Amino acid sequence: MWRRSFMWWISLAAGLVPMAMASGEAGQTSLPGALSPVERWKRFSAAAGLQIPDAEIEVIAAPLERLTAAARKALEPDLGLTEPVFCFRILRGQP
Amino acid sequence: MSALSVAALGMEKLGELLRNRKLSPVELAQAVLAQIDKQNPALNAYLAPLPDLALAQAREAERAITARQHRGPLHGIPISVKDLFFVRGVRNTAGSKLFADFVPDHDATVVERLHSAGAVLVGKTNLHELAYGITNNNPHYGPVRNPWRRKQIPGGSSGGSGAAVAASLCTASLGSDTGGSIRIPASFCGVVGLKPTFGRVSRWGVFPLGWSLDHVGPLSRHVWDAAVVLQAIAGPDPRDEHCAAAPPPDYLRDIGAGVRGLAIGVPENYFYDHLSLDVERAVRAALKRLEELGARIEPVKLPGIVAATDLSRVILLAEAAALHQKNLRSRRQDIGADVRALLEQGECVLATDYLNAQRARRRFVDELDALFRKVSVLVTPTTPVTAAAIGETTVRVDGDTEDVRLASTRLVRAFNLAGVPVLSVPCGFDHRALPIGLQIVGKPFDEATVLRVGYAYEQATDWTHHHPPEA
């Protein structure tokens with residue numbers, strides 16, 4: 001029983017750690033011992049059940065890194081209590 | 001008059017000839033269909049010419065005009081639609097193998113409205129696969145070629161529409177614009193392209209890409225023609241809950257009012273930072289021309305533009321991936337490599353990033369609102385470079401190498417995020433004789449002013465009178 005529980009925690013950690021890292025600062029990718037971007041996105045994809053083939057992750061990892069970094073920077077300002085726009089009414093005072 | 005010269009006439013002149021029965025809608029349709037037969041094998045602008053439907057509609061228009069039942073400036077005019085607008089009984093591929101056999105059983109609202117206005121539908125145009133890209137190098141139906149230089153892309157995703165209008169294979173065309181897909185082909189093909197305000201034109205019966213970013217609008221050779229098409233397709237539609245309830249104004253009423261005294265905002269940051277020399281020279285000359293016409297040029301700043309451009313990518317990646325998730329899982333092999341890679345990237349966007357992007361979007365809309373209290377329109381280049389070669393993945397811009405897709409979209413994307421109306425008009429040619437576009441951005445629901453500025457510029461220059469060589 002304890003072994004199954006231990007294995008469950010290991011597999012959970014294997015999924016969650018890369019997810020947390022993938023959503024973190026792109027600049028941390030070169031830390032000693034850190035996973036390569038390709039490896040991190042492979043783990044992210046596996047943990048999220050995305051079924052993206054490994055070969056394709058090798059293609060999209062670099063643009064994903066750039067996109068994540070750009071999104072982090074763009075979302076730096078405090079949004080306070082601003083509500084999201086949804087597709088129904090983008091513009092204030094729309095007739 | 002030759003078939004090409006008839007097909008190349010603008011709507012104003014054609015309308016006069018048709019109304020006065022100096023030209024029959026059937027003769028006009030035949031002239032345009034002859035041009036499609038002749039040029040389409042080289043350009044691949046049309047996925048499906050519709051000669052039977054076109055001639056039937058043209059005969060109906062002829063009967064009505066002969067009986068003095070003229071329906072207005074679109075009556076008898078040859079129009080095409082991008083192959084993602086549903087036309088009852090006609091295959092709708094969306095440029096994809098996934099929908100190669102999809103035949104809708106109803107017309108899109110905008111197609112219904114074109115029919116009501118008496119337009120003649122001559123065919124459905126080629127596009128980037130699923131409207132998700134700007135090269136129109138379609139892996140399933142072949143690349144669309146730019147009529148000005150056939151080794152170049154036409155821009156996209158409404159590239160078939162841009163090429164068809166430029167080559168006189170229709171008088172106007174309907175396109176869709178999620179991140180520049182009307183304005184980029186308008187710029188690269190040397191035609192006029194209008195992305196109206198979000199909610200101005202119904203999207204019911206139009207195959208989506210990004211629900212909160214998709215817009216529908218015309219491509220045409222002249223600004224007046226774009227106004228006529230907008231007039232026909234704009235307005236409330238109970239079947240599209242995003243559509244605004246207010247009826248559209250008369251877009252032709254003040255189109256010739258000129259720009260004297262109008263404040264034109266010219267962004268000091270971002271839009272003019274990184275352009276090809278030819279584009280910068282042409283756009284600066286256009287601003288000078290507008291100033292000579294009496295407009296007041298006001299330098300302005302748009303601090304949120306970089307973030308808005310990046311976040312519009314986050315939103316589109318997530319929305320398109322959600323839309324196509326099942327197809328990506330079950331028919332991965334039927335999706336082209338570039339579109340598949342974008343859909344896969346979209347699957348990796350975090351829900352929190354998507355939602356925060358939609359929150360930051362509100363801030364950008366407010367920033368633009370504040371700006372439009374000071375100026376009537378903004379004027380920028382549409383694209384920082386002219387059309388790249390087919391198959392090229394990078395371009396040189398001002399000494400740097402950039403991804404073709406990012407370079408082509410970086411001046412247009414943010415206005416999909418804001419939902420404001422934007423017009424692209426031709427403003428010159430580069431050293432290879434490839435067209436350059438000028439982008440005119442307006443206040444929400446103020447298409448009339450955007451069209452007025454574009455019309456004043458067009459009338460003061462002769463760029464829309466240039467035609468590409470016959471293919």
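Guide: A residue is termed buried when its relative accessible area is under 20%, exposed when it is over 50%, and partly exposed in between, with a 1.4 Å probe and protein chains only. The model is predicted, with local features requiring pLDDT of at least 70 and side-chain atom pairs pLDDT 80 or more, whereas totals for chains, interfaces and linings use all residues. Residues are numbered from 1 along each chain as its sequence is written, chains are lettered from A and ligands numbered from 1 in the order in which they are written, and side-chain values use heavy atoms, without hydrogens and water.

Visitor: What makes β11(B) largely enclosed by the rest of the structure?

Guide: Five of the five residues of this strand (strands are DSSP runs of E with at least two residues, helices runs of H or I with at least four, both numbered from the N terminus) are buried, so β11(B) is largely enclosed.

Visitor: How do you know which strands pair with β11(B)?

Guide: Pairing requires that DSSP find at least two bridges between two strands. β9(B) and β11(B) are joined by two bridges and run parallel, with Ile264(B) opposite Val377(B). β15(B) and β11(B) are antiparallel, with five bridges; there Val379(B) has Ile440(B) as its bridge partner. Both pairs therefore satisfy the criterion of at least two bridges.

Visitor: Why are β1 and β10 of chain B said to stand at the edges?

Guide: The open sheet has eleven strands in the order β1-β3-β2-β6-β8-β7-β14-β15-β11-β9-β10 (chain B), and its pairing is mixed. β1 (46-49) and β10 of chain B each have a single partner strand, so one side of each lacks a neighbour in the sheet. From one strand to the next, the twist averages 30 degrees.

Visitor: What makes β6(B) mostly covered?

Guide: Six of the six residues of β6(B) are buried. Ala172(B), Leu174(B) and Ser176(B) point one way, while Ser173(B), Gly175(B) and Asp177(B) point the other way, and all are buried. As a general matter, side chains in a regular strand alternate between the two faces of the sheet.

Visitor: How do you know in which sense β6(B) pairs with β2(B) and β8(B)?

Guide: β2(B) and β6(B) form three bridges in the parallel sense, and Ser80(B) is opposite Ser173(B). β6(B) and β8(B) run antiparallel and are joined by six bridges, with Ser176(B) opposite Val216(B).

Visitor: How do you know how α8 of chain B is directed relative to β8(B)?

Guide: Helix α8 (residues 223-233) of chain B packs on the sheet, touching β2, β6 (172-177), β7, β8 (215-220) and β14 of chain B, and its direction makes about 145 degrees with that of β8(B). Such angles run from 0 to 180 degrees between N-to-C directions, with axes fitted to C-alpha atoms, for helices over the stretch in contact.

Visitor: How do you know how the span of α9 in chain B compares with the expected one?

Guide: Helix α9 (residues 277-292) of chain B has 16 residues, and the expected span is 1.5 Å times one less than the number of residues. Its first and last C-alpha atoms are 22 Å apart, close to the 22 Å expected.

Visitor: Why are the buried residues of α9(B) said to line one face?

Guide: Asp278(B), Val279(B), Ala282(B), Val283(B), Ala286(B), Leu287(B) and Leu290(B) are the buried residues in α9(B). Seen down the helix axis, they fall within an arc of 165 degrees (taken from the directions from the axis to the C-beta atoms), so they line one face of α9(B). The face turned away from the buried side carries the exposed residues Leu277(B), Arg281(B) and Lys288(B).

Visitor: Why is Lys42(A) called buried?

Guide: Its relative accessibility is 18%, and the limit is under 20%, so Lys42(A) counts as buried. Lys42(A) is in helix α2 (residues 37-47) of chain A. Apart from neighbours within four places in sequence, Lys42(A) is in contact (heavy atoms within 4.5 Å) with Asp54(A), Ile57(A) and Glu58(A).

Visitor: How do you know how much area chain B and chain A bury between them?

Guide: Buried area is the accessible area, with a 1.4 Å probe, that two parts lose on being put together, summed over both. For chain B and chain A this is about 3600 Å², of which 63% is on carbon and sulfur atoms. Cys348(B), Arg359(B) and Arg362(B) lose the most area to chain A within chain B, together 19% of what that side buries. In contact there are 44 residues of chain B and 35 residues of chain A.
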